[in-house]
Amino acid sequence: MSTTTSSVLAADSRPAGGAALGEVALATGIGALLTVVLLGLVYLHRTRRTTLLTRVGGRLGRATGVPDWVALPTVLTTISLLVALLGMLWDISLHIGVGRDEGPLANPAHYLILFGLFGVFAGGVLACAMPLDGPPGPAAVHFIRGWDVPVGGVLIGAAGFYALLGFPLDDVWHRLFGQDVTLWGPTHLMLITGAGLSIVGLLVLEMEGHGGASSDDGDRKVGRIGRFVRQGSAMGGLLLGLSVFQGEYDFDVPQFRLVLEPFMIAGAAGLALVAARLWMGRGGALMAAAFFLVVRGLIALVVGIGFDEITPTFPLYLGSAVAVELLALGLTPARRPLLFGAVAGVLVGTVGTATEWGWTHLVQTLSWNSDVLVEGTVMAVVAGVAGGLLGTLLALGLRRRLPRAAVARTVLVACLLALAAGVTNGLVATVPEDVEATFTVTDVTTDPRTADITVRLSPAGAVDDPAWVQITAWQGDGLVVDDLERIGPGEYRTTEPVPLHGSWKTLLRVHDGRRLYAVPIYLPADEAIPADGIPAEDGVTRGAIPEIDVLQRELKESGGGLWAPANLVVLACTLALIAGISWGVGRYSRRGSAGERFPDAPVAGPVPSDAGAR
């Protein structure tokens with residue numbers, strides 16, 4: 001059980017749709033002002049009326065061994081991503097503990113997200129604006145006469161703009177469909193996807209700045225240790241970005257089937273850790289995992305102790321990192337990189353999943369059990385292999401050694417389809433029509449009201465070795481997740497009293513195989529939706545309903561059938577961003593000079609057939 005408290009307004013005093021027009025105008029004004037300042041700075045730099053960017057970038061570049069147009073945007077984007085990540089995890093914690101916002105500008109975490117995402121966009125713009133003396137490398141994109149921009153800057157700017165666009169669209173979404181208090185709302189996924197993929201742009205920009213020199217090259221050792229740390233931090237940042245998608249599981253309030261958690265962890269590990277090992281050489285996967293653990297550990301302390309909110313947990317990734325490093329000792333990555341990525345993905349999905357299995361029993365209330373053993377492992381292997389192959393393509397692109405275009409595209413599309421199929425399978429859940437729950441409520445305190453609860457499911461065989469039978473109480477100034485104790489066939493009881501007062505939303509949640517459903521115990525009245533209250537009565541019997549009806553009770557049906565088209569538009573834009581990122585990596589790989597050798601490969605010898613120049 002985990003709890004936390006904070007001072008908040010009652011749920012029914014907060015709007016359930018879009019923000020007040022005054023807040024919309026203020027947020028728009030802030031964004032417009034920042035954009036004017038940024039574009040003004042770009043204009044002054046391009047017309048050589050100021051040397052501020054060059055001087056700041058030059059100082060940072062001398063410390064890191066990269067040109068000014070790489071150093072300044074990289075530092076700005078990195079800091080901005082860390083700020084946005086802190087804001088995002090803080091925001092999730094607030095929504096779980098408090099519910100919806102009084103207004104977007106009344107949530108302090110939103111400022112961190114907004115300024116962080118704008119910083120990412122600004123980093124991309126500055127990377128494109130700062131080069132003044134000729135094209136910044138052979139992969140540069142011609143913008144206008146006399147102005148060529150690095151492809152890495154284009155990718156950072158596009159990803160940052162896509163993420164930033166999710167902020168105003170989120171308000172539009174709430175006006176149309178109500179508040180979706182979940183991490184996986186379409187506009188929320190825009191924020192996460194754009195921020196995460198901007199790191200790929202950073203990686204490309206890093207290579208454009210160095211001209212492709214590896215940290216292990218014998219003839220050019222430019223900041224070898226510093227570059228290894230910087231590259232490891234970038235790959236660890238990619239792991240951080242990919243790990244945000246399973247954020248609800250980190251807070252023990254997942255709104256989807258449990259098999260999605262090992263699936264997402266294996267996919268993130270396969271992509272980031274395989275790419276790190278192939279790009280950086282020995283120790284790359286371990287360095288990326290270490291950076292992830294340090295940053296997420298510090299953020300957990302800041303959110304949990306510094307802000308006194310719900311503390312997020314996080315995956316371990318060390319088992320997967322060790323497996324990838326050990327595989328590289330026996331299966332030389334330079335010889336068959338795609339084979340290495342696939343085999344590494346299998347190890348991530350098996351060995352890595354086994355270590356995460358044990359880790360969940362240490363840090364999560366809703367730990368993995370035998371209900372998800374077979375399906376969860378199969379899905380983890382699929383995600384691990386798909387992630388491993390995508391990580392291989394990323395590393396090969398950074399080393400300018402991508403396979404033939406037809407091979408690269410086939411692998412990319414196949415991996416995306418496999419990941420889409422896995423996500424779809426994890427989202428498909430059923431709700432039984434014949435299951436009911438009878439609650440025996442024994443009050444422990446009356447003001448505020450808390451109680452011990454005994455649950456009797458009917459029929460008694462409604463669950464068979466379930467993933468969980470638990471009571472969640474949230475959005476009442478904190479969070480309570482109580483994994484119920486089984487006392488007989490179909491009978492369970494709480495291990496500690498649960499709240500039944502105020503703005504708390506308390507419900508029974510059952511997850512057994514593909515069945516995922518809830519039974520409300522206590523819900524407050526909410527005039528903003530509007531919705532009637534549901535009292536907690538001793539001996540009451542209620543039927544099973546979809547979890548979303550309770551967890552996202554603010555959602556509403558839109559007029560004009562806009563729900564499906566709106567989701568399809570977001571999906572199409574996300575696929576366009578992924579296509580753009582793929583184009584950028586491919587352009588850098590194609591337009592570069594001779595392919596960069598692998599750190600583990602001998603200095604002399606033929607280029608492997610599946611990773612040679614086109």
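This tour moves through a predicted model, from its nonpolar cores to its enclosed spaces and then to individual backbone and loop sites.

**The nonpolar cores**

Begin by selecting Met-235, Leu-273 and Leu-394, which touch the most other members of the largest nonpolar core, a set of 145 residues. Then display helix α9, residues 260-280, which contributes the largest share of this core with 16 residues. In soluble globular proteins, nonpolar side chains tend to be buried together.

Centre the view on Leu-394 and show its surroundings. Apart from its neighbours within four places in sequence, Leu-394 is in contact with Val-200, Leu-203, Met-235, Leu-238, Leu-271, Ala-275 and Val-585. A separate, second core holds 28 residues, and to find it one may select Ile-471, Leu-484, Leu-500 and Val-519, which are among its members.

**The second largest pocket**

Next, select Phe-167, Pro-168, Asp-170, Asp-171 and Leu-191. Of the 47 residues that line the second largest pocket, these are the closest to its centre. The space in this pocket is about 1100 Å³. To frame it, colour the helices α1 (21-46), α3 (68-98), α4 (108-129), α5 (151-177) and α6 (186-210), each of which supplies at least two lining residues. Colouring the lining by residue class gives 26 nonpolar, 13 polar and eight charged residues.

**Two cavities**

Rolling a probe the size of a water molecule over the atoms shows where empty space is left. In this model there are two cavities of 30 Å³ or more.

For the second largest cavity, select Pro-104, Leu-105, His-110, Tyr-111, Leu-114 and Phe-167, which line it. Phe-167 has already appeared, as one of the residues closest to the centre of the second largest pocket. The cavity holds about 30 Å³ of space, and α4 provides the largest share of its lining, three residues. Which classes of residue make up this lining? Five are nonpolar and one is polar, with no charged residue.

For the largest cavity, select Asp-250, Glu-261, Ile-265, Phe-314, Pro-315, Glu-356, Trp-359, Thr-360 and Gln-364. About 40 Å³ of space lies inside. Helices α9 and α12 each supply at least two residues of the lining, and α12 gives the most, with three. By class, this lining comprises four nonpolar, two polar and three charged residues.

**Ser-367, after helix α12**

Keep Thr-360 displayed and add Ser-367, which sits in the loop between α12 (337-363) and α13 (373-398). Is Ser-367 buried or exposed? Its relative accessibility is 17%, so Ser-367 counts as buried. Beyond residues up to four places away in sequence, Ser-367 touches Leu-258, Thr-360 and His-361. Draw the distance between the side chains of Ser-367 and His-361 to see a polar contact of 3.4 Å.

**Backbone features to inspect**

Most residues other than glycine have a negative phi, and most peptide bonds are trans. The following sites depart from one or other of these patterns.

- Select Arg-48, in the loop between α1 and α2 (52-64). Arg-48 is not a glycine, yet it has a positive phi of about 60 degrees. Its relative accessibility of 54% places Arg-48 among exposed residues.
- Select Gln-475, in the loop between β5 and β6 (479-483). Gln-475 also has a positive phi of about 60 degrees without being a glycine. At 1% relative accessibility, Gln-475 counts as buried.
- Select Asp-447 and Pro-448, whose peptide bond is cis, with omega near 0 degrees. Pro-448 belongs to the loop between β3 (436-446) and β4 (449-458).
- Select Ser-458 and Pro-459, where the peptide bond is cis with omega near 0 degrees. Pro-459 lies in the loop that separates β4 from β5 (468-474).

**Final stop: Val-431**

Finish at Val-431, in the loop between α14 (405-427) and β3. How exposed is Val-431? Its relative accessibility is 30%, and Val-431 therefore counts as partly exposed. Show the residues around it: excluding those up to four places away in sequence, Val-431 touches Leu-516, Tyr-517, Ala-544, Ile-545 and Pro-546. Lastly, draw a line from the C-alpha atom of Val-431 to that of Leu-508; the two residues are 77 residues apart along the chain, and these atoms are separated by 14 Å.

How values were computed:
Residues numbered from 1 in each chain as written. Predicted model: local features only at pLDDT ≥ 70, side-chain atom pairs only at ≥ 80, totals over all residues. Heavy atoms only, no water. 1 Å grid on protein atoms, 1.4 Å probe; cavity = no way out; pocket = protein on both sides within 12 Å on 5 of 7 lines; lining within 4 Å. Points joined across faces, edges and corners; volume = space filled by probe spheres on them. Helix = DSSP H or I, 4+ residues; strand = E, 2+ residues; numbered from the N terminus. Nonpolar A, V, L, I, M, F, W, Y, C, P; charged D, E, K, R; others polar. Core = buried A, V, L, I, M, F, W, Y, C linked by side-chain atoms within 4.5 Å. Buried < 20%, exposed > 50% of the residue type's maximum accessible area, 1.4 Å probe, protein only. Contact = heavy atoms within 4.5 Å. Polar contact = N/O pair within 3.5 Å; in protein donor to acceptor, adjacent residues only side chain to side chain.
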